[in-house]
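Me: I'd love a close look at one part of this structure, with its surroundings filled in as you go. Here it is.

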Amino acid sequence: MRLFLSLLVGLSIVQSVFAATPAIGTEPVTFMHVEKNNKHAYNSIQAAINASSPYKEVVITVAAGEYNEKLFITRSNLSIVGESAANTIIRYAQLRNSWREHNDSDWGAAVVNITGSDITLANISVINDYGKIHNTLEHQFAIRGFENASRIIFHQCDVQAYGADTVSLWNKKEGLYYHSYCSFTGATDMVCPRGTALIEHSQFYNLKQTATLWHDGELSSEQKFVVANSEFNGVEGFWLGRHHYDAQFYLLGNQFSDNLADKPIFKKTYADKQRDQPNRWGSRYFFANNKAPYAWLDDNFQPKQLNIEENNLVDWVFKGEWQPKQQLQMLKQLLATQNFKTDAFQLK
């Protein structure tokens, strides 16, 4: 069997670390390895994913290289870890409209397509370069999460698309997403979660004079999109954000380039009012401790009013129901048991 199979740690350790995520299995983690031209490893990431189905919890380590493939992740409890985002790259060119000409859904329209939950991508790049090749900024997903996919983590990843909707995680009902120390590149609504998302210590670069952030939180007044301690840049006149549905944005401790347009986050409306979505909870755009060029980004609340401190931001966003930083810490510890060189995790 072409596996890096390792019975890692005692059952009690695995249980204790993953206790906050009920979907995780209780058996020791299985490691699998991907490396091109290595007869003792899987030669594609998808081959390893396909072979992982018998195991409850799997970590796939990926050697440096460029992997020209789409990923279809239908299982849960899976981590994919590259050597580093700089040298471990998943690349595929796909225009959404071209895909939909022959397919009834977006399943397959992205470079990474996810229907499972408890998925982590770390130290890896995901690039949809269709727009760069064909000089278009139309929709082209790098990562697309579907209706039941939740608890998705990106850590130290470089995610690029040369068009709209770079990262589209679309579980409206109960989606939970955490991204840290990442870089995002794209155009219109380039990071557009449905549900609740927290992004920390990351960078955004917008290729177009359109919205960088987008949110759909219409199913619960508790759903929110929070970006903290991150940097925003882009072409001259790029916008910060917008939404079509009820949404809630929190921007905390971020820095904004002078290229940012003097255009506050707004709700998209149409000349045909029948197309407008309801806005039951009104405009909910909250700012604190940002370094920004415009008055509309000035503080309009004090984090202490909501008991938000940096060390409990995750608890506040996810209401104590999910601990993604603990999962990353455990993944870091598991990787240390392997003969696999990967960039050290930044965990703050």
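How many disulfides does a search of the whole structure find, and what is the setting of the cysteines concerned?

Reply: Happy to walk through it. This is a predicted model, and the chain averages a pLDDT of 91, with 92% of the residues scoring at least 70. One stretch calls for care: over residues 1–25 pLDDT stays under 50, although the model has 54 contacts there beyond four places in sequence. Where pLDDT is low, the predicted coordinates should not be read in detail.

Now to your question: the search of the whole structure turns up zero disulfides. Take C182, whose closest cysteine sulfur belongs to C157. The two sulfurs are 4.8 Å apart, and a disulfide needs them within 2.5 Å, so this pair is too far apart for a bond. C182 has 3% relative accessibility and therefore counts as buried. C192 is in no disulfide either, since its nearest cysteine sulfur, that of C182, is 15 Å away. C192 is also buried, because its relative accessibility is 1%.

From the cysteines, let's move to the nonpolar interior. In soluble globular proteins, nonpolar side chains tend to be buried together. Here the largest nonpolar core has 57 residues, and I60, I80 and I143 have the most contacts inside it. Leaving aside neighbours within four places in sequence, I80 is in contact with ten residues' worth of surroundings that include I45, I49, I60, V62, L71 and I73, as well as T120, L121, A122 and I124. Apart from that core lies another, of 29 residues, with L198, W316, V317 and F340 among them.The sheet completes the picture. Eight strands form an open sheet with parallel pairing, in the order β3-β6-β9-β12-β15-β17-β20-β23. At its edges stand β3 (65–67) and β23 (255–256); each has a single partner strand, so one side of each is left without a neighbour in the sheet. At the β23 edge, two bridges join that strand to β20 (residues 231–234), and the two run parallel. One bridge partnership there is that of F232 with F256 in β23.

Toward the β3 end of the order, I89 is found in strand β6 (residues 88–92). I89 counts as buried because its relative accessibility is 14%. Not counting residues up to four places away in sequence, I89 touches G65, E66 and Y67, along with S125 and I127. The C-alpha atoms of I89 and V126 are separated by 6.1 Å, although these residues are 37 apart along the chain.

Key. Residues are numbered from 1 along each chain as its sequence is written. This is a predicted model: local features need pLDDT of at least 70, side-chain atom pairs count only at pLDDT 80 or more; totals for chains, interfaces and linings use all residues. Side-chain values use heavy atoms; hydrogens and water are left out. pLDDT is the predictor's confidence in each residue, from 0 to 100. Contact means heavy atoms within 4.5 Å. A nonpolar core is a set of buried Ala, Val, Leu, Ile, Met, Phe, Trp, Tyr and Cys residues joined through side-chain atoms within 4.5 Å. Buried means under 20% relative accessible area, exposed over 50%, partly exposed in between (1.4 Å probe, protein chains only). Two strands pair if DSSP finds at least two bridges between them. Helices (H or I, at least four residues) and strands (E, at least two) are DSSP runs, numbered from the N terminus.
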